[in-house]
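Hi,

Here is the structure I promised to pass on. Have a look at it first, and then read my notes below.

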Amino acid sequence: MTITRIETGPRMSEAVFHGDTVYLAGQVGTPGDSVTHQTQETLAEIERLLALAGSNKAHILRATIWLADMADFAEMNAVWDSWIADVAAPTRATGEAKLADPGYKVEIIITAARA
């Protein structure tokens with residue numbers, strides 16, 4: 001089976017698909033913005049990358065969400081719940097982690113099936 005990489009840089013690819021499975025790198029929003037805005041930006045970027053890989057949010061199998069502070073869980077969930085409301089919800093895990101930049105408040109990693 002062929003492995004296809006999308007938006008490949010020296011350190012990583014933003015998306016990789018192998019067969020009918022799409023793997024996205026962790027996506028983040030603009031450092032320093034609110035959790036709401038970072039989550040909105042991140043989900044928009046996820047939609048863009050999934051489209052490039054021949055998929056969409058209805059085909060998300062698993063989401064892993066990292067928050068810099070679990071106190072932001074409800075704020076992130078408000079955006080997530082609205083975004084995913086029109087499709088079947090994927091499996092999901094959410095945890096707290098120190099992210100790559102202190103300004104990042106949320107990072108989302110997606111695995112999806114190709115449409």
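Let's start with Trp80, which is buried, because its relative accessibility is 4% and the cut-off for buried is under 20%. Keep in mind as you read that this is a predicted model. Trp83 is buried too, with a relative accessible area of 10%. Both tryptophans belong to helix α2, which covers residues 73-84, and they sit three residues apart, about one turn of the helix.

Those two residues also turn up in the search for aromatic pairs, which finds one pair in the whole structure. The ring centres of Trp80 and Trp83 are 5.4 Å apart and the planes meet at 50°, so the pair counts as tilted. The reason is that a tilted pair falls between the stacked limit, under 30 degrees, and the edge-to-face limit, over 60.

There is another ring to look at. Arg114 has its charged end over the ring of Phe17, 3.9 Å from the ring's centre.

Now for the chain as a whole. You'll find two helices and seven strands in it, and going along the sequence the order is β-β-β-β-α-β-α-β-β. Its radius of gyration is 14 Å, close to the 13 Å that the globule rule gives for 115 residues, so the chain is as compact as a globular protein of that length. If you want a feel for the dimensions, the C-alpha atoms fill a box of roughly 40 × 35 × 20 Å along the principal axes. As for burial, 40% of the 115 residues count as buried.

Next, the largest pocket, which has a volume of about 160 Å³. What lines the largest pocket? Its lining is made up of Met12, Glu14, Ala25, Gly26, Gln27, Val28, Leu99, Ala100, Tyr104 and Glu107. Sorted by class, that gives six nonpolar, two polar and two charged residues.

One backbone oddity is worth a click: Glu7 is not a glycine, yet it has a positive phi of about 50°. You can find Glu7 in strand β1, residues 3-8. Its relative accessible area is 38%, so Glu7 is partly exposed.

I also looked at a few residues along with a partner elsewhere in the chain:

- Ala15 is in strand β2, residues 13-18, and is buried with a relative accessible area of 0%. Ala15 and Leu43 are 28 residues apart along the chain, and their C-alpha atoms are separated by 14 Å.
- Ala68 is in the loop between β5 (60-67) and α2. At 33% relative accessibility, Ala68 counts as partly exposed. From Ala68 to Gly95 is 27 residues in sequence and 8.6 Å in space, C-alpha to C-alpha.
- Thr94 belongs to strand β6, residues 91-96, and counts as partly exposed at 27% relative accessibility. Thr94 and Gly26 are 68 residues apart in sequence, with 13 Å between their C-alpha atoms. You have already met Gly26 as one of the residues lining the largest pocket.

If you only have a minute, go to helix α2 and look at Trp80 and Trp83, then find Arg114 over the ring of Phe17.

Cheers

Note on methods
Residues are numbered from 1 along each chain as its sequence is written. This is a predicted model: local features need pLDDT of at least 70, side-chain atom pairs count only at pLDDT 80 or more; totals for chains, interfaces and linings use all residues. Side-chain values use heavy atoms; hydrogens and water are left out. Rings of Phe, Tyr and Trp (its six-membered ring) pair if their centres lie within 6.5 Å; planes under 30 degrees apart count as stacked, over 60 as edge-to-face and the rest as tilted. Helices (H or I, at least four residues) and strands (E, at least two) are DSSP runs, numbered from the N terminus. Buried means under 20% relative accessible area, exposed over 50%, partly exposed in between (1.4 Å probe, protein chains only). A charge sits over a ring if NZ of Lys or CZ of Arg is within 6 Å of the ring centre and within 35 degrees of the ring normal. On a 1 Å grid over the protein atoms alone, a cavity is a set of points where a 1.4 Å probe fits but cannot get out, and a pocket is an open set with protein on both sides within 12 Å along at least five of seven lines; lining residues have an atom within 4 Å of a point. Grid points are joined across faces, edges and corners, and a volume is the space filled by probe spheres set on the points. Ala, Val, Leu, Ile, Met, Phe, Trp, Tyr, Cys and Pro count as nonpolar, Asp, Glu, Lys and Arg as charged, and the others, Gly among them, as polar. The radius of gyration is taken over C-alpha atoms; the globule rule is 2.2 Å times the number of residues to the power 0.38.
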